[in-house]
Amino acid sequence: MTVGLVIVSHSVRIAEGVVELAAQMAPSITMAAAGGTDDGGIGTSFDKVQAGFAGADSGDGVVVLCDLGSAVLTAETALDFAEAPERIRIADAPIVEGAVAAAVAAESGADLERVLAAAQDQAPAA
Amino acid sequence: MTVGLVIVSHSVRIAEGVVELAAQMAPSITMAAAGGTDDGGIGTSFDKVQAGFAGADSGDGVVVLCDLGSAVLTAETALDFAEAPERIRIADAPIVEGAVAAAVAAESGADLERVLAAAQDQAPAA
Amino acid sequence: MTAGETTLDGAWTRRWIEAVAAAVAERKSALTALDRAIGDGDHGENLDRGFQAVLGKLDALDEQPTPGAVLKLVATTLISTVGGAAGPLYGTAFLKGAMAAGDRQALDAAALVEVLTAARDGIVARGKAEPNDKTMVDAWGPAVEAAAAAGDDVRAALEAAAGAAEAGAVATEPLVAHKGRASYLGDRAIGHRDPGAESSALILRVAAETQ
Amino acid sequence: MTAGETTLDGAWTRRWIEAVAAAVAERKSALTALDRAIGDGDHGENLDRGFQAVLGKLDALDEQPTPGAVLKLVATTLISTVGGAAGPLYGTAFLKGAMAAGDRQALDAAALVEVLTAARDGIVARGKAEPNDKTMVDAWGPAVEAAAAAGDDVRAALEAAAGAAEAGAVATEPLVAHKGRASYLGDRAIGHRDPGAESSALILRVAAETQ
Ligand SMILES: Nc1ncnc2c1ncn2[C@@H]1O[C@H](COP(=O)(O)OP(=O)(O)O)[C@@H](O)[C@H]1O
Ligand SMILES: Nc1ncnc2c1ncn2[C@@H]1O[C@H](COP(=O)(O)OP(=O)(O)O)[C@@H](O)[C@H]1O
Ligand SMILES: [Mg+2]
Ligand SMILES: [Mg+2]
Ligand SMILES: [Mg+2]
Ligand SMILES: [Mg+2]
């Protein structure tokens with residue numbers, strides 16, 4: 001069981017940074033950075049999110065972390081067009097903290113609903 | 001009244017991305033990206049945080065956003081060494097979402113405690 | 001054409017979208033200025049990027065496309081290119097509108113109301129905004145109601161929709177926002193018009209003016 | 001030197017820190033392996049970076065530094081160079097230890113206990129961990145108590161502290177973590193030793209072995 005993650009941010013750098021940070025504690029998890037617009041500006045890209053869904057789902061599903069509201073709207077729209085929407089969960093969680101918690105859970109072999117719950121519970125401080 | 005922000009992340013890219021994202025809605029706010037270790041690796045840098053405190057505080061104070069627990073520990077340690085600790089507040093808030101909310105509040109001229117409250121309340125979704 | 005007998009065919013739909021692209025390009029900075037006041041200052045650029053991309057794809061349509069086919073092309077292009085909240089929102093609106101239009105060769109007043117209703121419902125389903133949340137819903141909601149009340153004259157329905165959307169956009173000014181970026185501002189959004197409501201009114205005004 | 005008359009001067013403090021740097025370098029991969037199991041796999045590298053930086057600064061000290069001066073140099077250097085939670089935690093520990101040592105030329109058993117107590121309290125103040133949260137506190141807490149109970153022989157106090165810290169580190173194995181990165185793991189941290197408790201035990205063991 002290896003659930004993947006898709007990180008949907010308005011910023012290329014945030015998405016890539018979240019992936020590098022979470023990878024430290026979860027080196028074997030597939031994480032797709034879907035940050036910025038198609039041309040790398042601040043915004044979100046439907047195509048990057050869609051590619052992320054495909055790239056991060058090994059068959060066990062993906063949990064999606066988003067930053068602001070319009071990232072959620074883009075992710076939900078991509079979900080409507082997804083091939084296997086039943087294996088995609090959009091987390092209601094802060095993007096960085098939720099991604100780290102989700103990645104750690106996924107690394108331990110948790111299933112889709114547990115990885116989602118880990119993202120949404122987040123994790124203790126300091 | 002212009003409160004500044006310091007973004008303390010384990011990742012250079014996350015810190016810089018948060019600054020670029022928040023700057024979109026708060027173009028006149030001074031925000032310091034304190035991401036990564038001294039040599040740009042994953043981790044936190046006391047010196048970058050300290051420089052951020054100095055660089056982002058115009059006299060009205062700074063609110064500090066951190067990602068994981070060790071970023072908070074580094075920020076608190078830098079606070080112990082700060083010249084004007086009474087003008088520094090470490091927010092208990094998610095780094096990306098809290099920074100955007102804080103930046104918007106600071107842009108509107110809110111004072112230190114209000115900017116802190118904005119970070120910690122975060123903001124509505126979608 | 002005589003009022004009451006007029007319908008909106010695929011060619012009309014295409015002319016409308018071309019005129020929207022031109023109007024958005026012209027009003028780009030005004031839309032962005034609204035968004036700069038209570039958002040991130042990109043709404044005009046976002047929509048212009050989207051509609052310019054649409055223009056580049058219209059020639060790929062059949063020579064006599066259905067209204068639904070035009071709307072669907074607009075939907076998928078906006079979704080892929082806008083890059084802000086307006087992308088998924090308008091994209092969903094045009095997509096649901098296309099589905100409501102179905103295979104019809106042309107839309108009469110009743111079909112137009114179905115399309116507008118589906119578009120509004122799509123925006124609401126996507127963004128979960130309620131009336132008076134200071135969003136584009138505040139233009140689309142009144143537009144649908146006015147069009148439905150306008151009787152069986154499709155041009156009267158378009159004119160009613162445009163006028164109601166414009167009034168709805170103006171009416172966002174005193175509101176506090178509960179969705180979108182403006183919701184970060186609390187009371188400081190008061191006095192500013194919602195950019196998405198304004199662009200929605202523009203899109204519908206252009207429809208009313210398209211022959 | 002005779003037990004009971006021995007004190008720990010600045011030269012001893014320096015020898016201890018040099019030996020810690022060597023021991024950390026040698027145990028680097030083992031510490032990192034512990035951190036890879038329940039953290040982010042950098043604890044050994046973090047500490048090695050810090051103590052190597054300390055080595056490079058020791059020569060800037062006076063020829064006959066006080067223990068406090070050595071401890072303070074270690075503190076500020078670790079704070080600036082470690083790059084992980086261990087930096088602020090050990091940095092604060094050494095800093096509070098330095099303050100407890102004050103201007104004393106040498107530490108007797110009572111002063112050593114004051115220094116160790118201040119170090120532990122600094123870690124607790126910084127990290128807010130409670131006993132059995134599976135952190136370095138679980139090494140420092142028992143170490144302080146054992147040293148305090150060891151009487152007025154400073155070497156016996158060091159030996160007692162080292163032994164208790166080692167037992168404390170081993171005793172973190174069955175625990176669930178409530179602070180630090182291992183707290184993300186829940187039950188899956190059970191069976192793994194806390195890397196910071198292990199490095200704390202190492203630092204105190206080296207103290208006991210430093211003549
Ligand atoms: N949840 C929502 N429901 C309805 N409309 C929304 C929602 N969120 C944002 N909007 C609309 O989108 C407009 C902003 O669009 P745009 O500037 O393109 O997106 P972004 O905020 O991502 O930069 C707002 O003025 C508002 O009308
Ligand atoms: N809040 C805390 N209180 C006490 N000790 C802590 C705390 N957080 C982390 N630690 C200690 O720090 C160690 C990890 O250090 P290190 O790997 O250098 O930091 P990081 O977790 O930032 O990579 C843990 O094994 C634990 O002993
Ligand atoms: Mg915008
Ligand atoms: Mg935008
Ligand atoms: Mg570590
Ligand atoms: Mg680390």
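**Magnesium sites, a helix and a two-fold pair**

In this predicted model, Asp40(C) counts as buried, since its relative accessibility is 9%, below the 20% under which a residue is called buried. Asp42(C) falls in that class too, because its relative accessibility is 13%. These two aspartates are worth keeping in mind, for Asp40(C) and Asp42(C) are the protein donors of the magnesium ion (ligand 4). Each is listed with an OD atom, lying 2.1 Å from the ion. A second ion belongs to the picture as well: the magnesium ion (ligand 3) is 3.5 Å apart from the magnesium ion (ligand 4). What links the two ions is Asp40(C), which coordinates both.

Chain D can be read in a similar way. Here the magnesium ion (ligand 6) is coordinated at 2.1 Å by Asp40(D) and Asp42(D), through OD atoms. Between the magnesium ion (ligand 6) and the magnesium ion (ligand 5) the separation is 3.5 Å, and Asp40(D) coordinates both of these ions. As for their surroundings, Asp40(D) and Asp42(D) are both buried.

Back in chain C, helix α4 covers residues 86-101, a run of 16 residues. From its first C-alpha to its last, α4(C) reaches 22 Å, close to the 22 Å expected at 1.5 Å a residue. Is this helix mostly covered or mostly exposed? It is mostly covered, with 13 of the 16 residues of α4(C) buried. Just after the helix comes Gly102(C), a residue with a positive phi, near 60°.

The remaining results concern chains A and B. A turn of 180°, with a shift of 0.0 Å along the axis, lays chain B on chain A with an RMSD of 0.0 Å. This is the relation of a two-fold axis. How do the two copies meet? Of the interface residues of chain B, 96% are also interface residues in chain A, so the copies meet through the same surface.

The contact itself draws 24 residues from chain A and 25 residues from chain B. The size of an interface is often given as the accessible area lost when the parts come together. For chain B and chain A, the area buried between them is about 2000 Å², of which 69% is on carbon and sulfur atoms. Charged groups take part as well, with four salt bridges counted between the two chains. One of the pairs forming a salt bridge is Arg13(B) with Glu16(A), where the closest N and O atoms are 2.8 Å apart.

Technical notes:
Residues numbered from 1 in each chain as written. Chains lettered and ligands numbered in written order. Predicted model: local features only at pLDDT ≥ 70, side-chain atom pairs only at ≥ 80, totals over all residues. Heavy atoms only, no water. Least-squares fit on C-alpha atoms with pLDDT ≥ 70 in both. Contact = heavy atoms within 4.5 Å. Donors = N, O, S within 2.8 Å, 3.2 Å for Na, K, Ca; no water. Buried < 20%, exposed > 50% of the residue type's maximum accessible area, 1.4 Å probe, protein only. Helix = DSSP H or I, 4+ residues; strand = E, 2+ residues; numbered from the N terminus. Expected span 1.5 Å × (residues − 1). Buried area = accessible area lost by both parts, 1.4 Å probe. Salt bridge = Lys/Arg side-chain N within 4 Å of Asp/Glu carboxyl O.
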